[in-house]
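Subject: Structure for you to look at

Dear colleague,

I am handing over the structure we spoke about, and my notes on it follow below. Please keep the view open while you read.

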Amino acid sequence: MKVVIERKSYNTETAIKIAEWDNGRYRNDFSAIEETLYRTKKGRYFLYGWGGAATSYAKTFGNSSSEGQSIKLMSQDQAINWLSVHGFVDEIEQHFGDCIEEG
């Protein structure tokens, strides 16, 4: 998917994939969600998401809805938090090791 947001191009084909997550449901389930965190070559982060008709990614048409997809820009902190929430500890250390300190 490719979009332009605030005069900047974000492309899932050319960005670096950091991590993929899904909620474990089959794609034909209305509540299925798939998300992928990316970093552009210039160091900006974005989340590509796809979801079924009963998700926040759904597209509505009058009284009905269907699957949808979108790209959401993320700050470095939001990217780290997304990885943390979904249990991607190794990816945090690999991509953000200089931002993490021992507790």
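Arg 44 is partly exposed, because its relative accessible area is 34%, and a residue counts as buried only under 20% and as exposed only over 50%. Arg 44 lies in the loop between β4 (33-39) and β5 (45-51), and on the surface it gathers with Arg 7, Lys 8 and Lys 42 in a patch of positive charge. Please bear in mind throughout that this is a predicted model, so that every value in this email is computed from predicted coordinates.

Another member of that patch, Arg 7, is found in the loop between β1 and β2. With a relative accessibility of 83%, Arg 7 counts as exposed, because the cut-off for that class is over 50%. The backbone of Arg 7 also deserves a look, since its phi is near 65°, a positive value in a residue other than glycine.

What does the hairpin around Arg 7 look like? Strand β1 (residues 2-5) and strand β2 (residues 8-11) pair in the antiparallel sense, over 4 bridges, and the two strands form a hairpin with 2 residues between them. Within this pairing, Lys 2 stands opposite Asn 11 in β2, while Ile 5 stands opposite Lys 8 in β2. Lys 8 is thus met twice in these notes, as the partner of Ile 5 across the hairpin and as a member of the positive patch.

Glu 6 also has its place in the loop between β1 and β2, and it has a positive phi of about 50° although it is not a glycine. At 67% relative accessibility Glu 6 counts as exposed, because this value falls in the class that begins over 50%.

For orientation in the chain as a whole, there are 2 helices and 8 strands, and read along the sequence they follow the pattern β-β-β-β-β-β-β-β-α-α. The C-alpha atoms fill a box of roughly 50 × 35 × 20 Å, taken along the principal axes, and of the 103 residues of the chain 35% count as buried.

Turning to charged pairs, how many salt bridges does the structure hold? It holds 3 salt bridges, and I describe them here in turn.

- Lys 17 forms a salt bridge with Glu 20, in which the closest N and O atoms are 3.6 Å apart. Lys 17 is itself partly exposed, with a relative accessible area of 45%.
- Arg 25 and Asp 29 meet through their side chains in a salt bridge of 3.7 Å, taken from N to O. Arg 25 counts as partly exposed at 46% relative accessibility, and Asp 29 likewise counts as partly exposed, at 26%.
- Glu 34 and Arg 27 meet through their side chains in a salt bridge of 3.0 Å, again taken from N to O. Glu 34 is partly exposed, with a relative accessible area of 28%, and Arg 27 is partly exposed as well, with a relative accessible area of 44%.

Two further residues may help you to find your way around the model. The place of Glu 93 is in helix α2 (residues 89-96), and with a relative accessible area of 53% Glu 93 is exposed, because the class begins over 50%. The C-alpha atoms of Glu 93 and Ile 80, which are 13 residues apart along the chain, are separated by 9.8 Å.

The other residue is Ala 15, which lies in the loop between β2 and β3 (16-22). Is Ala 15 buried or exposed? At 14% relative accessibility Ala 15 counts as buried, because buried means under 20%. Between Ala 15 and Glu 67, which are 52 residues apart in sequence, the distance in space is 24 Å, C-alpha to C-alpha.

If you go back to the view, I would begin with the loop between β1 and β2, where both Glu 6 and Arg 7 are found, and then follow the positive patch from Arg 7 and Lys 8 to Lys 42 and Arg 44.

With best wishes

Technical notes:
Residues numbered from 1 in each chain as written. Predicted model: local features only at pLDDT ≥ 70, side-chain atom pairs only at ≥ 80, totals over all residues. Heavy atoms only, no water. Pairing = 2+ DSSP bridges. Patch = residues over 30% accessible without salt bridge, like charges linked within 9 Å, V, L, I, M, F, W, Y side chains within 5 Å. Areas by Shrake-Rupley, 256 points an atom, 1.4 Å probe, with all protein chains shown as cover. Salt bridge = Lys/Arg side-chain N within 4 Å of Asp/Glu carboxyl O. Lys, Arg positive; Asp, Glu negative; His and termini not counted. Charge placed at Lys NZ, Arg CZ, Asp CG, Glu CD. Buried < 20%, exposed > 50% of the residue type's maximum accessible area, 1.4 Å probe, protein only.
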